[in-house]
Amino acid sequence: AAPVMLSRFRGALVGSVLGDCIGGEFEGAVDVPLDRVLQHLSALEDETRGDGILQYSDDTAMMRCVADSLLTRMAFDERDMARRFAKEYNLAPDRGYGSGVIQVLRKLASPHLKDVFQPAQAQFGGRGSFGNGGAMRAAPFALAFRSRNDVRKYARHGAMLTHSCSLGYNGAMLQALAVHLSLQGALALPKEFINKLISEMEEMEKDETAQLDAKALNLSDFPYCSRLHRVKELMDRNGVSIEEVISELGNGIAALQSVPTAIFCVLHCLEPRDGLPEQFGGLERTIAYSLALGGDTDTIACMAGAIAGAHYGIDSIPQSWQMSCEGVAEADDLAHRLYDLYCLPQFEE
Ligand code: R7I
Ligand code: MG
Ligand code: MG
């Protein structure tokens, strides 16, 4: 039976934290043999290691700021969200933040700052960051807002607090929309799911700024659309190798090289796959597969975990995995509260 909505909400945020914590092991690794991934995952069943042994990184730290802000303000409030990012960074600066974004976070801490979007705009010679830091924390926007328009709009604004390049915030919108569709059960029809994402991104990438950024960065006109078309081709292909996925989609720290990749991981793992344990459910397969790609594993697994968790629900996540990761109980609590907010009629608008 399809999971109920609350279970999907919990699956999305817990799945995201799990991907971050479990994926941290291989972040930056070039070659990750599947054996090593499976070894790492089976070690999670060892109860003698202690609870919450795998720590979360900036991905989860910032996701929690997004959720806390939306819950406290019961709306998107850019100043409040910016303040939470800065405060969180100041309290725990060693969570593995991107080397550029820490400058933004320091500036956001200033009480004299008038425009909270300005520090992000000053990044990388004025174009802004195209890193995946906006996308990695985008899931709560899909849980807080019902209308697709709001999910789009606020996921974009939320990302722009640190990522003002269109490649950065469009990646965040794509991730939030993937979670939004998954919550609604759209992954039951994988082809339609990817087609919907492609048509969403066509609208976004028509935008003049997006076109200019793509040109300036020597990319094709519709960079996200073209990656999503590759995702679709790879879905149809039999026996696609890890090497092909990496060369077609990427596994890097840029949003363009990781958001479509995370979406592919979810789609590819809807079915059992050779090399992955038979007893694994879909969410376990998705996280295992994301890790095997190497590169930005914590973030790709975090984004894939959010989309997959929204599809399979909380009951698909092994207790031993939940016990092994820091911050699972807090993520589960945020999911419950976002669900209550989502159910409020006055927040629907
Ligand atoms: O995007 P961001 O928050 O980093 C997120 C990643 C995730 O993998 C986390 O798990 C964490 O490890 O970091 O941080 P940014 O500093 O904005 O971007 C990340 C990196 O992308 C930067 O440090 C740059 O190396 C690169 N980058 C760019 N390089 C050149 N020109 C991002 N934008 C640009 C650019 O415009
Ligand atoms: Mg990280
Ligand atoms: Mg990362």
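The side chains of Lys 191 and Asp 236 meet in a salt bridge, with 2.8 Å from N to O; the term denotes a side-chain nitrogen of Lys or Arg within 4 Å of a carboxyl oxygen of Asp or Glu. Lys 191 belongs to helix α10 (residues 190-205) and Asp 236 to helix α12, so the contact ties together parts that are 45 residues apart in sequence. Helices (H or I, at least four residues) and strands (E, at least two) are DSSP runs, numbered from the N terminus. With a relative accessible area of 38%, Lys 191 is partly exposed, where buried means under 20%, exposed over 50% and partly exposed in between (1.4 Å probe, protein chains only).

The model is predicted: local features need pLDDT of at least 70, side-chain atom pairs count only at pLDDT 80 or more, and totals for chains, interfaces and linings use all residues. Residues are numbered from 1 along each chain as its sequence is written, chains are lettered from A and ligands numbered from 1 in the order in which they are written, and side-chain values use heavy atoms, with hydrogens and water left out.

The whole structure holds 11 salt bridges. One of them pairs Arg 10 with Asp 332, whose closest N and O atoms are 2.7 Å apart. This pair links distant parts of the chain, since Arg 10 is in helix α1 (residues 5-23) and Asp 332 in helix α18 (residues 328-343), 322 residues apart. Arg 10 counts as partly exposed at 22% relative accessibility, whereas Asp 332, at 15%, counts as buried.

Another salt bridge joins Glu 326 and Arg 95 (3.0 Å, N to O). Glu 326 lies in the loop between α17 (319-324) and α18, and Arg 95 in the loop between α4 (78-91) and α5 (101-108), so the pair ties together parts that are 231 residues apart in sequence. Arg 95 has 17% relative accessibility and therefore counts as buried.

The metal site comes next. The magnesium ion (ligand 2) has as its protein donors Ser 57 (OG), Asp 58 (OD), Asp 59 (OD) and Asp 298 (OD), at 2.1 to 2.3 Å. Donors are N, O and S atoms within 2.8 Å of the metal (3.2 Å for Na, K and Ca); water is not among the atoms, so sites may look incomplete. Along the chain, the donors of this ion follow the spacing S-D-D-x238-D. Asp 58 and Asp 59 are both buried. Asp 298 coordinates both the magnesium ion (ligand 2) and the magnesium ion (ligand 3), which are 3.7 Å apart.

The interior also contains two cavities of 30 Å³ or more. On a 1 Å grid over the protein atoms alone, a cavity is a set of points where a 1.4 Å probe fits but cannot get out, and lining residues have an atom within 4 Å of a point. Grid points are joined across faces, edges and corners, and a volume is the space filled by probe spheres set on the points.

The largest cavity encloses about 40 Å³, and its lining includes Ser 166, Glu 205, Asp 221 and Tyr 224. Helix α9 gives the most to this lining, with three residues. The second largest cavity has about 30 Å³ of space, and among its lining residues are Ser 16, Met 63, Gln 175 and Cys 302. Here helix α16 (residues 297-312) gives the most, again three residues.

Methods. 1 Å grid on protein atoms, 1.4 Å probe; cavity = no way out; pocket = protein on both sides within 12 Å on 5 of 7 lines; lining within 4 Å.
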